[in-house]
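Please load the model in your viewer and keep the selection box handy. We will go from stop to stop, picking a few residues each time and looking at what is there.

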Amino acid sequence: MLEADLKDYFGSLSHEWLLRFVEHRVGDPRVISLIRRWLKAGVLEDGAVHPSDEGTPQGGSISVLLSNVYLHYVLDLWFERVVKVQLKGEARLVRYIDDFVICFQHQSDALRVEDALRHRLGKFGLTLEPSKTKLVEFGRFAQRDASKRGRNRPETIYFLGMTLYCSRNQKGNFKVGMRTEKSRLRRSLSSLQELMRQVRHYVIRDQVSEINAALRGHYAYYGIAGNLRSLLKVYRATERYWCRMLRSRSRDGGRLTWDTFNQIKERNPLLRPKLRLPYGKLQALAVL
C-alpha cells in the first residue's frame, strides 16, 4: 500500500491548469471569470492585499471544491484510465481531498506507480512530502512476512485521523482494523478540556449541553466499528475532567464525591459512545 501526502497542496495548485480543468466541463465565461477572480483574491496582511499567483484562497468557500476538481483530473482519471490498465494485479485508489492511499496486489506494481506518480504530480506543480510518503506492506500476508523479518506486527497506516492496522475478525479472516490516531486523540481531549474550562461557570444543565455537542461530533466522525475503545477513552477522560472542574468551582468543592457526581450525571447524563458506521460500510478501504 502506498501512503502518500502532498506537500503544501492548497498553496501549490496551478491557476492555469485549474482553469483548463474547469473549462473542460463549464462553458459559461461568466463562471470562469468569477473563478479566476476568486483565485486572484489574494491574502490581506497588515492592511495590504497580496495577490496570489498559485494555490487556492485559504479559508475560501470555493477552495475545497476547486481542489477536488484539480486532483480529479491530475490523479483520479489518470489512475483509472492510464495506470490500472498497465498493472499486473488489482489496485485501488482511495482519496479524500488531498489525502489518499493506493492499494496494490503486487509490490512490483506499487514501485512502478510510486515513480510514475512523482512525475505525474510534478507536471502539475505538485510534489510528494518525502517524510510522509512511504510504501507499507499491508494485507492478508503482512503478519506472516513481518514475522520473517523479525517484527512483531506489520506496519500501520495513518489516514484521515485514523490508524489502520492488520487485524482478524471472529472467523479468523483478515480485516482492516481502525482506531483513532494518537495525535488526533490528544487533540480531541485537549479541545474538550478547553471547552469545559470555558463553560466552567455555566449552570450544570448548560454545561452538559455544550459538552455533549462536542462529544456527539467526535463520536460521529470516529464512531467506526472496532474503535469503541478509543471512544471510551474520550468519554472517561471527559467524565474525570468534568468531575475535577465541578470540584474546583467553589472553596468546598472538594466535598464532591463520586457518589454525588454520579447523581449529577443521572440527572444530566453525558453522551455515551455510539458506533455510527458498521464495518460493512468500510469495504472501500479494504486492501486487496
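Before we start, one cut-off is worth having in mind: a residue counts as buried when its relative accessible area is under 20%, as exposed when it is over 50%, and as partly exposed in between. Keep in mind too that you are looking at a predicted model.

**Stop 1: the loop at Ile97**

Select Ile97, which sits in the loop between strand 4 and strand 5. Is Ile97 buried or exposed? Its relative accessibility is 15%, so Ile97 counts as buried. Check the backbone as well: phi of Ile97 is positive, about 55°, although the residue is not a glycine.

**Stop 2: the sheet around that loop**

Now widen the selection to the strands. Strand 4 and strand 5 belong to an open sheet of 4 strands in the order 4-5-1-6, with antiparallel pairing. At the edges you will find strand 4 (91-96) and strand 6 (134-135), each pairing on one side only. Zoom in on strand 1 (residues 2-5), which is joined to strand 6 by 2 bridges in the antiparallel sense. To see the two strands face each other, pick Leu2 and look for Leu135 of strand 6 opposite.

**Stop 3: helices lying across the sheet**

Add helix 4 (residues 107-123) to the view. Helix 4 lies across strand 1, strand 5 and strand 6, and runs at about 145° to strand 5. Next, show helix 3, which lies across strand 4 and strand 5 (99-104) and makes an angle of about 175° with strand 4.

**Stop 4: where two helices cross**

Keep helix 3 (residues 63-83) on screen and add helix 1 (residues 15-25). Their axes come within 10 Å and cross at roughly 85°. Helix 1 and helix 3 are therefore roughly perpendicular to each other. For the contact itself, select Trp17, Leu18, Phe21, Val22, His24 and Arg25 on the helix 1 side, then Leu66, Val69, Tyr70, Tyr73 and Val74 on the helix 3 side. Colour that set by residue type: what you get is 9 nonpolar residues, 1 polar and 1 charged.

**Stop 5: a sheet of three strands**

Move on to strands 7, 8 and 9, which form an open sheet in the order 7-8-9 with antiparallel pairing. Strand 7 (157-159) and strand 9 (174-180) are the edge strands, each paired on one side only. Turn the view to look along the sheet: the twist averages 40° from one strand to the next. How many bridges join strand 8 to strand 9? Strand 8 (residues 162-168) is linked to strand 9 by 7 bridges, and the two run antiparallel. One pair to pick out is Leu164 with its bridge partner in strand 9, Met178.

Then step to Leu160, in the loop between strand 7 and strand 8. Leu160 is not a glycine, yet its phi is positive, near 55°. With 24% relative accessibility, Leu160 counts as partly exposed.

**Stop 6: Asn227**

Finish at Asn227, in the loop between helix 7 (204-222) and helix 8 (228-247). Its relative accessibility is 0%, so Asn227 counts as buried. Draw a distance from the side chain of Asn227 to the backbone oxygen of Tyr222, and you should read 2.8 Å. Leaving aside neighbours within four places in sequence, the contacts of Asn227 are Met162, Met178, Arg179, Thr180 and Tyr222. Met178 will be familiar from the previous stop, as the bridge partner of Leu164.

Notes
Residues numbered from 1 in each chain as written. Predicted model: local features only at pLDDT ≥ 70, side-chain atom pairs only at ≥ 80, totals over all residues. Heavy atoms only, no water. Axes fitted to C-alpha atoms, helices over the stretch in contact; angles between N-to-C directions. Parallel < 35°, antiparallel > 145°, perpendicular 65-115°, else oblique. Contact = heavy atoms within 4.5 Å. Nonpolar A, V, L, I, M, F, W, Y, C, P; charged D, E, K, R; others polar. Pairing = 2+ DSSP bridges. Buried < 20%, exposed > 50% of the residue type's maximum accessible area, 1.4 Å probe, protein only. Polar contact = N/O pair within 3.5 Å; in protein donor to acceptor, adjacent residues only side chain to side chain.
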